[in-house]
Every structure is written in C-alpha cells, then in structure tokens.
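Dear colleague,

I am passing on the structure below, and I would be glad if you kept it open while you read the notes that follow it.

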Amino acid sequence: MVLLKCQAGPLATRFLKRFLVLILDFPIPLGSPLLGTKVEVRDTSGSAVLEGEGQIFIGGEERICFLDDEITVPLGTMRETGDFVRVQNGKLFFLGRKDNQIKRHGKRFNIESLQQAAEDICKIEACAVTWYQQEKLILFVVLKDDLEERETLKELQKHLPAYAVPDEFVLIKALPLTSHGKVDISELNKIYQNHLNSRRCDSKLSGAEELWERLQNLWKSLLGLPGDSTGISKDAIFLYSGGDSLKALRFYDEIEMLVGKAVPGLLEVILSGSIEEVYRHILKILFPDEDQLMNYDNVVKRKLSRNSGEEFHGKYIKLKSERGLEVASGLISFIALSRGNHFFSMNFTTSFMQPSNTVQVGVELLQQPSFLHLVTPSITQSHAQGYETEDRILTVTNKANKTDCCCVEQIHAERGHVTAAALALCIRWKSNTRKCVDASPLVIIPSKEELSASVYVGSHSHAMQAIDLNLGEIKWENNLGDRIESSACVSKCGNFIVVGCYDGLVYVLQSSDGEIHWTFATADTVKSSAVVDPSSGLVYVGSHDQHVYALDICKKACIWKLHCEGGAVFSSPCLSSFPHHLYVATLGGLLLAVNPVTGNKIWKSFLGKPLFSSPHCNEKYVYVGCVDGNLYCYTHSGEKVWQFSTNGPVFSSPCISSLTKQEIFFGSHDCFIYCCNMEGNLLWKFEATSSVYGTPFVFQSDDLKNKILLAAVSTDGKVWILNAKTGTAEGVDKLPGEVFSSPVVWGTKLVVGCRNDYVYCLDLYITGKKNS
C-alpha cells in the first residue's frame, strides 16, 4: 500500500482505502495454509475458536518465526499475526488487522469504515478515528466552511449503527502527519488529551442556571435530540427517553467532566430519576448552600401523595386500607424458583418427593424434580376451567377483557445453528401487564396437589400479578405505588411475597390474595430483589439510598440497616449458609461481605466500576459481573482468585446450579453467553444475536431426554435453549419485544417478562413430540 501511494498519488490511495474497507465489510475466504504451516484461531483468552471470531496464530513443527533479537525458539511455537478472522464451516474469512479492528458494544468493526462513512456522508474536508485508551471512539474532523459540528454528528447518527457512532467529535484545523505521510495517531491522542484538559478548565459553572442549561444540552446530545428542540420536560427519565445502561454510563462520565469533580450517587439517579432529580442531585454537591435543594423527606412524601390513603410515619409507611393480617397458622410446603437457579424449599414431606430426588431444606441447591404431574394440573383440565387450547397455545382473557393468542415468531435464519434433535418453543399463555416487564418471575410450586403453581411478577404499570403457571389465569393483581423492576421473593413461611418498588417502599403482600401485610420505607427507589434467610426468616434487600436492610416481616420491624459507602444497591444481595455471609454489590463498584445477624461488615473489595450484576456463591467462591467487562471470583474471606474478561460490560448475574457443579454461566453485552469452570477457564461461549442482560437458567427434564440445558435470553427478544455441557443451540425462538427479564424454567415451562408489556410462559418440547 505504501508503494502504491508513492507511485499513484493520493487519488489512488483513497480508492485503495475504499476498496479495503469494502473487503472488510464483505469478508472473503483466506484459503488453506501452505504445507508445513500450522494455523490456529484463538480468542482473547487464548482458547481455540472452531466457530466464531478470533485472531490467527501461525507456526508449525518445522516453521520457526523469530522476533527482534531472538536466536532460538522452541519448535511448535505459535505466533500471533494481528489478523482477525471469522471461522465459519471450517473456512477462514478475513476481518481486518488488529490495529484497525475494535470490538465495541458487542460488535467488531473496522474503524476505517467510520472514517469512510464520515467522508462520504458528511462531505467533510478530512477526518481520522482513534480508539482512545481502548475506551472511547474519537472522530477528528476538518470541516468545510459551510458545515456545522452538530449537523455533521446528526447525519452520522442517521446512517451508522449505534456501535459505530463516535463517543466524541473533535474539530481540528488539519490532520497531523508522520514523516512518512501517515496520520500521526499518537499526536491525535495528545490533541484529545489537551481537549479534555481544556474542557476541565472551561467547566467551571457560574451557578444553578448554567448547570441546568448545560445538563439539557448533554441530555440532547447523548440521546440524539435536536439541539434547538424546546426544553426537556423536568419529569423526563433517561432510560425512557431513548437511553440505555451504556448511554447512562457515558452521561455519568460527561457530567463529572462538566462539573470537574466526582458526584457520588449520580449514576443511581440517572438510572431511576428524572432530569430534574439529576440536576438537583448535582446541585447538592456543587452548591450545597443554595436554597433550591430538595428535602429528601419531602421527596418521599411527594411520591406517596400520589396514592390516596397513605401516611408517612418515619420508620415505615402504613396504608390506611391495610388490613390487620395475621400470619396463617401452620407453614406452607413449597419450592420457590427465581432467576439464576435460586431454589428455595421449605417444609417438604418425604411423600412429596420421589426417592430419587433429594432436597436440602432451606438451601437453594435443589434438582428439578421429575414429578411435575403431581404438582400442576394437566392441560386437559383447561376445558373444565373455561379455557381453550389451540395447538398448545392457551388463550387467556385478562382483566382488560382482551384475548391474546399468537405464536412465537419462528427464527428460520437461526435454524442452522440448532442441533438435529432440536427443541421447539411455543406460547402456552401470555398475560398483559399493560407496561414493560423487566422484573424476573418468581415461580412457587406448593406440595399440595389441590393447589396450583403460581408465577409472581411486577411491571412498569405498577401492577403486581399472581398467575396460574399451568393455565395463565390471573389469580390476583395489586397496583402498587410506582413501577416495579424488583423481582419478588417468598417468605420462609410461604404466606408472603416481598417486592421492592420505585416509590422507595418494600411491599410485603399476602401470597394468597395480594393484600398488603406491611410496607417498609427506604429513602429512595428499590430495584434490588430481596432474599430470605431460611434459618432466621429475615429478609434482606438493598435500596438506591445506599443502604441494605434486614427486615423481620412478621414483627414488621427493621432489625438493622447498613450504609454501603460505595453507591446504590441495584442488584440482589446473596446469602451464603457456610460461612454465614451476606454479599452486597453496589453501583459504586463495591463488593461487601456482611454479617447477616448483626449487619457488621466483614470485608470489602473495590472493583472500580459499577456492579449491576448480583453476586452468586457456592461453597468455595463468590462471583460477580462488572461493567468493566469482567467476571470476578473471590474467596469467602475476600481474596480475589481470578477475573475472566469479556468484550463488553457484564450486567448479567452469574448462574451456578447443582446440576452442573463445576460451571458458571453468564452473559455479556458483547453478545456472548459464557461458560467457565471454577478456575476461571473458558469451557465454551455461544454468540447470541444481541447483548445478553438477563441471567441464564440451568434445567433438566425427563420430557426433554433428560439433557442438562441452559435457558438464556438476549435483549432483542431471542430465547435460546443451549446444551449446558457443549454450548450448542438446541432451540431458539423470538418474543415480539426487547427482553431484560431473566428466564425461569420448571419442567418444560419457561417463564420470562418482555418489554412488549407481557409475561410469557413457553412450552418446550422435542420437535415432533408435544407433551400434554
């Protein structure tokens, strides 16, 4: 390319660059290696890639490649080439050079394609792209006289996929060149560093009015809104205005850059509050003496005033309509299943379990029993209940009197990835909650045959529903004070369901009819999912107010609360029986081990980036995912054992199951589902079609040839059924909306929430064989 540039001049060089970009966008096969040459494709962890993307390594028993001043090299040494390829059906397709290939937001692309798009779309004078510190995609532009920066960025956003849109747009007078006539990347990085320093110097704010104006400009810029649009509503919420978790992190970074200092708790407010609440939160840090600040007690009162019949009493909030409920005499025998293979069982009798199935009472490790027919009514009973079945799709009329009956969209394009003994998925029922369902379902199977299994799940519509697992009938519905993203948990006695809410309350509802037993007030939004201690019956839950609470729901009392120092508690706490520890992760990047009895800290570790993932543990280790793209492993005494790196933020919580005691499963925003062993080594990874936010679920059923399977969902609505041992796809289908909920499987029924306002129950069966 250098020779052509010298001979043919800049016009030919530009043509050649476009030709190379074209090749990189439409990869061609590389062919076969020469005799005596060995070629391997490996991923970032060094594991061989048989299908998918990786880097070429070259070598051979007799071929020796020397680097620098090397004199001897062991035979068989493999050298990395810097060339990235895709392996497909045994063929290698060239993707590009290491220097120009990046993976961002889960997608690999060539940064020259961004440069080419900018030159073609925007008709600019010249431009260059850098991957600054492997974190930010920066586009440097020399504009023509008649173009404006905002117009250029808007045009790029129209034509580029989200993963290729630059993080920043820097105007320069001319591109710096090396002595060889190439763009000087190191000089561009210096220019950007000076640009950052200049922004810090210019970021001094004169007062609250200027802060509000610049905050709105940042909001518009990140969400792609017109700069001249009339003001943003003070009630606008980032995630419901076109934002997502990744854009929220960028918004967070931009604000801290703007104000020139750290703003504790800012990310939590961005994720759950309005732009006005973001503004006032920053004001408290920048101008603590000004009068415009909100009194937080007034915020809680304001939220509660939207619901009639509520009074604030300081420690907790009592609803005037609340009945004087008493804990039912006797305990309910049940199994409870929730996301990530959390199993909780209490008060089982031996007659309930077949001899081949064992249960550890009060411990989450429990195999899925094979006595499904003893627990739930047969679908043949549905006619007597007033429901109809058509091709195994159950039509359910909800309270809104709308009948919904539609098949899951078949994804024929993916059938090539599915094994011969494929599983089929079809809708058994779906329940309309009237707004997005991001919460994960809780499934409870009672031991008494006359009682049906139930699904408990909340929605953004404020509705908390209890649904018959077999029939899809709504048993009860209760509208709480605000949106529900928290997944529910069941009390030790089985009589109560505990769920957090955006109004800052933890609701304790009677499991039989949804009536409110008690509400406990925190000082901010509760997205954390509660967990119950099987020994004491205490319920542990976190809040965006940066505290974790231990609640005695029978005595209606808070036993202790702990300030977590490191930001809001978004994820669910994790309870370990041996040792008896409570693990808490925060959006400030702190992983805490707490004494569940006293609330005292045992140890803490700072990971540096937000933790949306819920920790999960086994008898040896504690695991948690991080926004920095890593899954971390700690001992119960707080020592870091290993970290496993992916190419995107990890919001998914790790899944550990008694069915596969040596494996950990989790997803990443890089679009892969991963399986690692206890030593942190990759066993397999599966590429989905979009980011994986939810937590996978391991299950086994006699009706599915007793295979150990993994259910996982990607945010584009795909439901994947994988072989848990090999990572191969056994079945796939698609829901008609985005999915941030995590699946739960009981027998051959998979339950998951969807952002099209519905909770779905899917039947799983082997192709050609439908179960009744």
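A residue is called buried here when its relative accessible area is under 20%. Please bear in mind that this is a predicted model.

By that cut-off, Val498, at 1% relative accessibility, counts as buried. Val498 lies in strand β23, which covers residues 496-500, and, leaving aside neighbours within four places in sequence, Val498 is in contact with Ser487, Ala488, Cys489, Val506, Tyr507, Val508, Ala530, Val539 and Ile553. Val498 and Ser529 are 31 residues apart in sequence, yet their C-alpha atoms are 8.6 Å apart in space.

As for the protein as a whole, its secondary structure comes to ten helices and 48 strands, and 58% of its 772 residues count as buried. About 33400 Å² is exposed, with carbon and sulfur atoms supplying 51% of that area. Of the contacts between residues at least 6 apart in sequence, 51% join residues at least 24 apart.

Another strand to look at is β12, residues 334-338, in which five of the five residues are buried. In a regular strand the side chains alternate between the two faces of the sheet. In β12, Phe334, Ala336 and Ser338 point one way while Ile335 and Leu337 point the other way, and all of them are buried. Strand β12 runs antiparallel to β18, residues 442-446, and is joined to β18 by four bridges; in one of the pairings, Ala336 has Ile444 as its bridge partner.

Turning to the helices, α8 (residues 275-286) has twelve residues, which at 1.5 Å a residue should span 16 Å, and the end C-alpha atoms of α8 are indeed 16 Å apart, so the two values agree. The buried residues of α8 are Ile275, Glu276, Val278, Tyr279, Arg280, His281, Ile282 and Leu283, and these pack against α5 (208-223), α6 (245-259) and α7 (266-272).

How do two of those helices, α5 and α6, pack against each other, and at what angle? Their angle is about 150 degrees, with the axes 11 Å apart, and α5 passes α6 in a right-handed crossing. On the α5 side the residues that meet α6 are Leu211, Arg214, Leu215, Leu218, Trp219, Leu222 and Leu223, and on the α6 side they are Lys247, Arg250, Phe251, Glu254, Ile255 and Leu258. An α-helix has 3.6 residues a turn, so residues three or four places apart point the same way.

With best wishes

Definitions and conventions:
Residues numbered from 1 in each chain as written. Predicted model: local features only at pLDDT ≥ 70, side-chain atom pairs only at ≥ 80, totals over all residues. Heavy atoms only, no water. Helix = DSSP H or I, 4+ residues; strand = E, 2+ residues; numbered from the N terminus. Buried < 20%, exposed > 50% of the residue type's maximum accessible area, 1.4 Å probe, protein only. Contact = heavy atoms within 4.5 Å. Areas by Shrake-Rupley, 256 points an atom, 1.4 Å probe, with all protein chains shown as cover. Pairing = 2+ DSSP bridges. Expected span 1.5 Å × (residues − 1). Axes fitted to C-alpha atoms, helices over the stretch in contact; angles between N-to-C directions. Left-handed = near helix turned anticlockwise from the far one by under 90°.
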